Amino acid sequence: MTRRFVALAVILVLGMTARAQSVSIQLDNNAFKVVGWQAPSAPPSGGWPSVLAVYAGPGTLPIIGRYAVENGMLVFRPQYPLAAGVRYRAVFHQPGQTQPVEQIFDGPRQSTTPVARVERVYPSADVLPSNQLRLYIYFSVPMSRGELPGRIHILDKDGQEVRAVFLPGQELWDPNNQRLTMTFDPGRIKRDVASNVAMGPPLVDGRQYTLVIDKSWPDADGNPMVASFRKPFRGGPAIRVPPSPKEWRITSPASGTSTPLVVDFGRSMNYALLPRMLKVTGPRGSTVAGTIAVARNESEWRFTPGAAWTAGAYQLIVDKDLEDLAGNKIDQPFDIDVFQQVTERITTTTVPVPFTVR
């Protein structure tokens, strides 16, 4: 009797083990899938992370992402693509089982082929004011951080590097590591500041320069760029007068058409701010949906509506933090620092510019 009981227990244990071992985790197109387990439609009390978690490298905190049940299969999709050269550990705790299912996966194979390029640089003009404030550099793929020193140069007409041009210690990237914002040293731009008096502005009116970005700059995979980048330009007169919407020229479209609204600023503006600091409202005050284009060296803003214009009174709503190339905001020169009391609420000040569609 005892032997039969032991044999039956062994059979049950082996059966449970076999069922547990039949569950596996698969990596398919950047998604981790639990195979061999029927997932319930609703997560357990501890949430799906208590059932399935994925860790990067030796990390002890799971990576973030989205869970879903697809055709009875639990699926986890990381919020960011898997990184080359990183090993991932997926752990599945099957309810009712004490032994978790754990599997190791390698991230995608690291490419050794250079693909990175500098796609564009703003300002796009070939004459920049001597008090130019920012440069925006757009790369074709994500780039490595911490590589800035020695990768970007401003050369004079003789090919000699101009020193202390940019704000030291600054490396501002967008979330995708594809847009880098470079700021010229404000201390050399603002008049009567010590470094401006001692060294003068970074750029001099009438002199020739070349922006050089080295080919050796590694992308996120550690590969150098396909080629270096060079942009010749000339220093121009400083811009000290702030932009004023009253001086802008607006070309109104005709009703019944989808002709773009055209705004001519009369000067180049900060490219990165133009898509989000101007909007159009209709006769009833609601925001008009549409697409934005920037032209003529960032001196022109074009808005094409999603539907044909209807006759009526419209407004161009301008955020007063919109800047020109020298950092002058709407009706506020960059030379003047305005210190306001810090509040918990962030406020946005706008100015309306009316126009009529006939």
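Me: Is Phe303 buried or exposed, and what is its relative accessible area?
Reply: Happy to start there! Buried means under 20% relative accessible area, exposed over 50% and partly exposed in between, with a 1.4 Å probe and protein chains only. Phe303 is therefore buried, with a value of 4%.

Me: What kind of model is this?
Reply: Residues are numbered from 1 along each chain as its sequence is written, and side-chain values use heavy atoms, leaving out hydrogens and water. Local features need pLDDT of at least 70, side-chain atom pairs count only at pLDDT 80 or more, and totals for chains, interfaces and linings use all residues, since the model is predicted.

Me: How do the rings of Trp301 and Phe303 pair?
Reply: Rings of Phe, Tyr and Trp (its six-membered ring) pair if their centres lie within 6.5 Å; planes under 30 degrees apart count as stacked, over 60 as edge-to-face and the rest as tilted. Trp301 and Phe303 are 5.9 Å apart centre to centre, with 15° between the planes, and the pair is stacked.

Me: Which aromatic pair ties together parts 17 residues apart in sequence?
Reply: One partner lies in the loop between β15 and β16 (249-251), the other in the loop between β17 (261-264) and β18 (278-281). Their rings are edge-to-face, 4.8 Å centre to centre and 80° between the planes. Both residues are buried. They are Trp248 and Phe265.

Me: Which ring does the charged end of Arg89 sit over?
Reply: A charge sits over a ring if NZ of Lys or CZ of Arg is within 6 Å of the ring centre and within 35 degrees of the ring normal. For Arg89 the distance to the centre is 4.4 Å, and the ring belongs to Tyr55.

How values were computed: Helix = DSSP H or I, 4+ residues; strand = E, 2+ residues; numbered from the N terminus.
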